[in-house]
Amino acid sequence: MICTILETKLDNRKNGDDCEFNGYLEDYLNLGETDPVMLDALQEVLKLEPGTKICIGLKSDINKEAISNQIIRYKDVFKLEGKPLVYPYILYLKKEDEERALMILPDEEYGYLFAKGLYYCMTEPGSEFIECKNEIVSIAIMETAKVAEIFSQLFTIKPGAIQRKLDKEHFKEYEQLKEMSINASVAKVEEAKVKLASVPDRLPYIYQYVIDWFLLKKILYVQYMMNKNILAHVHEGNIRKQRNQAKLNAEEIRFLSFSEMWNIKPAVQEES
C-alpha cells in the first residue's frame, strides 16, 4: 500500500508540487545528489535493489484533528501555513505482493529522534499513510552500508521489529529518550539564537525550528503512550493517568515562541 500511495505524489516534472522528485532511484542519482554521505548510501541501495524508487522532500500538513497533536497543544505549530512537514528521503520498493519504504533523514546530532517523530506524524490516525505503518521504517543515516542493509531487511524482517531494534540502539528506556529529547530541544534553542541573528530571511528557519520542537514533543508523547509496561506498572492500567503524564513529558521540551524568534536582533557585524 505504501508504494501505491507514494506513486501518486507528483513532482514538477509532472506539473505537481507534492515533492521535489519522485521516481526511480537511478534517475534521481543521474541528476546529482549533493550530500556525499547520502550519495554513497543511495548508490549502495541501487546496487542491491535496482528497481527502487525514491521520493524526495514529500510535503505534508499538520494534522490538527489528531488527538495527540491536540493534547500536546503546541500552538505555534498550527500557525505554520501550507504543508510545513517535510519527509526528506523516502526509498520505496514493491516485491511481489509486499510493499516497503525506508524514510531517511540526513545525518545530524539527535537525527534519529526527528526521524522517529516524522514516522509518528506520517502514520498517525487521520493520515493517508495510517494503514502503512507496518510497512515503513524511519532512520537517520548511519554508515552508508547500514542503510542498504536495513533496506534489504524490510522484506525478510517485519518493519516493526527492525524499528524496535533501532530504538534500542539509540535509547535503552523511556527516561533516556526523554533526556535525549530535552537535550535536543535545548540545542535547537541555542542554535536558533545564533542562526536567526545571522540570516536575512528568517521565515524558513523559524518554520523548521517549530517543526523540530514539535517532533520532539511528538515522540515524547506517543512513545510514552505506546509503552504498555508503563501503563501496567506505573499507572496501574489507568490510561487517563498515562495520557496526562505523556502530556507533561511533552511540555518539558524547551522551545522559543514565534515572537521570541522574530524578536532576535541581527548580529552586529564588525567593521573591517
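User: In this predicted model, which residue of β4 does Y89 stand opposite?

Analyst: Y89 stands opposite I104 in β4. Another pair of this kind is K94, which stands opposite E99.

User: What makes β3 and β4 a pair of strands?

Analyst: Two strands count as a pair if at least two bridges are found between them. Strand β3 (residues 85-95) and strand β4 (residues 98-105) are joined by 7 bridges, so the criterion is met. The two strands run antiparallel. They form a hairpin with 2 residues between them, and E96 in the turn has a positive phi of about 55°.

User: How do you know that β4 and β5 are paired, and in which sense?

Analyst: β4 and β5 share 5 bridges, and at least two are needed, so they count as paired. The sense is parallel. In one of these bridges, A101 has I136 in β5 as its partner.

User: Why are β1 and β5 called edge strands?

Analyst: The sheet is open and has 5 strands in the order β1-β2-β3-β4-β5, with mixed pairing. β1 (21-24) and β5 (136-140) each pair on one side only. From one strand to the next, the twist averages 25°.

User: Which helices are placed against this sheet?

Analyst: Helix α3 (residues 36-48) packs on the sheet and touches β2 (53-60), β3 and β4. The direction of α3 makes about 15° with that of β3. Helix α5 (residues 111-122) lies across β3, β4 and β5, and runs at about 155° to β5.

User: Why are α3 and α6 called oblique to each other?

Analyst: The axes of α3 and helix α6 (residues 144-153) cross at roughly 40° and come within 8 Å. Angles under 35 degrees count as roughly parallel, and the roughly perpendicular range is 65 to 115. A crossing of roughly 40° is in neither range, and α3 and α6 are therefore oblique. The crossing is right-handed.

User: Which residues make that contact, and how do they divide by class?

Analyst: V37, D40, A41, E44, V45 and L48 come from α3, and T144, V147, A148, F151 and S152 from α6. The residues of this contact divide into 7 nonpolar, 2 polar and 2 charged.

User: What makes α5 and α9 roughly perpendicular?

Analyst: α5 and helix α9 (residues 203-225) pack at an angle of about 75°, their axes being 8 Å apart. The range for roughly perpendicular is 65 to 115 degrees, and α5 and α9 therefore qualify. On the α5 side the contact involves L113, F114, K116, G117, L118, Y120 and C121. These meet D212, F214, L215, L216, K218, I219, V222 and Q223 in α9. By class, the contact has 10 nonpolar, 2 polar and 3 charged residues.

User: Why does L58 count as buried?

Analyst: The cut-off for buried is under 20% relative accessible area. L58 has 3% relative accessibility, so it counts as buried. L58 is in strand β2. Leaving aside neighbours within four places in sequence, L58 is in contact with L6, K9, D18, C19, L85, V86, Y87, I90 and F129. Of these, D18 is 40 residues from L58 in sequence and 6.0 Å away in space, C-alpha to C-alpha.

User: How do you know that β4 is mostly covered?

Analyst: Of the 8 residues of β4, 7 are buried.

Definitions and conventions:
Residues are numbered from 1 along each chain as its sequence is written. This is a predicted model: local features need pLDDT of at least 70, side-chain atom pairs count only at pLDDT 80 or more; totals for chains, interfaces and linings use all residues. Side-chain values use heavy atoms; hydrogens and water are left out. Helices (H or I, at least four residues) and strands (E, at least two) are DSSP runs, numbered from the N terminus. Axes are lines fitted to C-alpha atoms, for helices over the stretch in contact, and angles run from 0 to 180 degrees between N-to-C directions. Contact means heavy atoms within 4.5 Å. Angles under 35 degrees count as roughly parallel, over 145 as roughly antiparallel, 65 to 115 as roughly perpendicular and the rest as oblique. A crossing is left-handed if the near helix is turned anticlockwise from the far one by less than a right angle, and right-handed if clockwise. Ala, Val, Leu, Ile, Met, Phe, Trp, Tyr, Cys and Pro count as nonpolar, Asp, Glu, Lys and Arg as charged, and the others, Gly among them, as polar. Buried means under 20% relative accessible area, exposed over 50%, partly exposed in between (1.4 Å probe, protein chains only).
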